[in-house]
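Here is a walk through one structure, meant for someone seeing it for the first time. Keep the picture open while you read.

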Amino acid sequence: MPNLEDYLDFRSDISFDIDPFNEVDNLIFSYLSYVDYSGIVPGPDRSGHIPIEQVERVFFQKHTPEEIMSMTTATKKAPFILHKMAYSNRYGGTKIGYYTNELVPENSTQFSAVSFFLPDNTVYVGFRGTDDSLVGWQEDFNICFASKTGGQEKAVQYLNTLMCKNNLKIRVGGHSKGGNFAVYSSAFCKKEIQDRIIEIYSNDGPGFIDEIIATNEYKSIVPRVKSIIPEQSIIGMMMDNEFENIVIKGDAAGLEQHNPIHWQVKGNRFALSDTGIRDKSIMIDKILKKWALDVDYETRNAFGEILFSALSSGGATKLSEITGSKMKSIAIIKKSIDKLDKEDQAVFYDVMKKLIVVSGGSFKDSILDWFNNSINKN
């Protein structure tokens with residue numbers, strides 16, 4: 001079954017005049033938000049947009065294919081998607097601007113966005129998902145209890161300050177956490193900006209806490225949201241939303257399906273799943289929701305602070321620096337937790353114990369076995 005790369009090979013000669021913007025185009029531009037445009041694309045404080053052809057040429061002057069493929073990120077193929085698009089009939093003439101990439105450890109904020117000015121006279125605002133930084137992953141966790149995160153606020157500011165510089169119709173989208181940012185910013189941006197938004201895309205993005213879902217601002221934009229999730233989704237099943245999810249096929253298993261490069265395409269649409277959300281994803285979703293009922297927002301916040309403080313205590317700033325083999329990762333986490341004071345250890349193990357209890361024994365991998373053994377010792 002074809003994927004994003006095949007779609008570009010088969011359909012990139014068809015202009016938007018013949019085949020209007022579709023859900024697969026959305027994912028492609030969402031995926032392009034993972035490219036590092038530093039020093040190439042103008043930032044929010046500069047005017048002007050750079051043609052995609054020039055962006056591609058300069059990027060590959062700065063980075064070799066070997067360097068790109070040596071990266072540890074799951075989205076490292078994004079620059080090659082850019083390469084396929086640059087001189088195509090469909091995407092040629094696209095201009096790229098307003099690139100921003102910020103990391104603010106002080107308030108656990110990881111935010112990156114870029115705008116694509118398309119040949120159909122619309123603009124696609126793409127919010128990047130989580131990168132390899134521990135700060136980014138901590139913000140993911142914070143979404144589970146906070147009424148707003150630093151990244152969500154920056155997404156609103158991005159729309160408000162930059163989209164007022166033109167009168168174009170707007171599409172807003174993102175993958176993973178970027179999908180959450182796309183929905184949040186569209187709900188809470190200025191009315192005059194919101195009125196120009198055609199569609200909002202959440203590509204396997206997590207949902208929201210109840211307080212956000214209950215707001216009139218959120219409810220007002222739900223009809224314009226297209227939520228696309230793979231059949232083995234985990235990230236996109238987190239928390240709640242009021243969307244009707246489009247469930248699609250992927251050519252990978254488990255968490256690997258979260259990577260857009262594995263999403264299957266049929267013509268100018270995604271290949272719909274025959275089975276819907278898989279049982280394991282539903283099980284994990286139920287476990288996390290039960291766990292959330294047992295752990296209040298304040299405790300979840302404390303747990304996140306403790307966990308990420310422990311992970312970074314050895315000097316690590318990236319997730320890839322503490323992951324590798326499962327047992328090695330467990331050893332690093334255990335060593336970090338053992339250094340905490342008794343009160344923080346108690347909070348950490350109490351929260352983990354609740355997760356194990358609500359799982360009903362469904363999680364039997366070694367990391368939870370270790371947590372269980374550690375709990376019994378504390």
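Leaving out neighbours within four places in sequence, Ile197 is in contact with Ile170, Val172, Ser186, Cys189 and Arg224, where contact means heavy atoms within 4.5 Å. You'll find Ile197 in strand S6. Helices (H or I, at least four residues) and strands (E, at least two) are DSSP runs, numbered from the N terminus. Ile197 counts as buried because its relative accessibility is 5%; buried means under 20% relative accessible area, exposed over 50%, and partly exposed in between (1.4 Å probe, protein chains only). From Ile197 to Thr122 it's 75 residues in sequence and 9.8 Å in space, C-alpha to C-alpha.

A word on the source: this is a predicted model, where local features need pLDDT of at least 70 and side-chain atom pairs count only at pLDDT 80 or more, while totals for chains, interfaces and linings use all residues. Residues are numbered from 1 along each chain as its sequence is written, and side-chain values use heavy atoms, with hydrogens and water left out.

Back to the strand. S6 is largely enclosed by the rest of the structure, because 6 of its 7 residues are buried. What does S6 belong to? The 8 strands form an open sheet with mixed pairing, in the order S1-S2-S3-S4-S5-S6-S7-S8. Strand S1 (50–51) and strand S8 (246–248) are at the edges with a single partner strand each, so one side of each has no neighbour in the sheet. Two strands pair if DSSP finds at least two bridges between them.

Three of these pairings look like this:

| Strands | Sense | Bridges | A facing pair |
|---|---|---|---|
| S4 and S5 | parallel | 6 bridges | Thr122 and Lys169 |
| S5 and S6 | parallel | 6 bridges | Gly173 and Tyr201 |
| S6 and S7 | parallel | 4 bridges | Asn203 and Ile228 |

Now for the nonpolar cores. A nonpolar core is a set of buried Ala, Val, Leu, Ile, Met, Phe, Trp, Tyr and Cys residues joined through side-chain atoms within 4.5 Å. The largest one has 39 residues, and Ile28, Phe29, Leu32, Tyr37, Met85 and Phe116 touch the most other members. H1, H2, helix H3 (52–62), helix H5 (78–86), strand S2 (95–104) and S3 each supply at least two residues of this core. Which of the elements gives the most to this core? That's H2, with 6 residues. Apart from this core lies another, of 36 residues, among them Phe127, Ala155, Ala182 and Val183.

H2 itself is mostly covered, with 10 of its 10 residues buried. Among them are Glu23, Asp25 and Asn26, as well as Leu27 and Ile28. Beyond its neighbours within four places in sequence, Ile28 is in contact with Leu4, Tyr7, Leu8, Ile81, Met85 and Tyr91. At the N-terminal end of H2, Asn22 acts as a cap: one of its side-chain oxygens lies 2.8 Å from the backbone nitrogen of Val24.

Last stop: the loop between helix H1 (4–11) and helix H2 (23–32), where you'll find Ser12. Is Ser12 buried or exposed? Ser12 counts as buried, because its relative accessibility is 13%. Setting aside neighbours within four places in sequence, Ser12 is in contact with Tyr7, Ser88, Asn89 and Arg90.

How values were computed
Polar contact = N/O pair within 3.5 Å; in protein donor to acceptor, adjacent residues only side chain to side chain.
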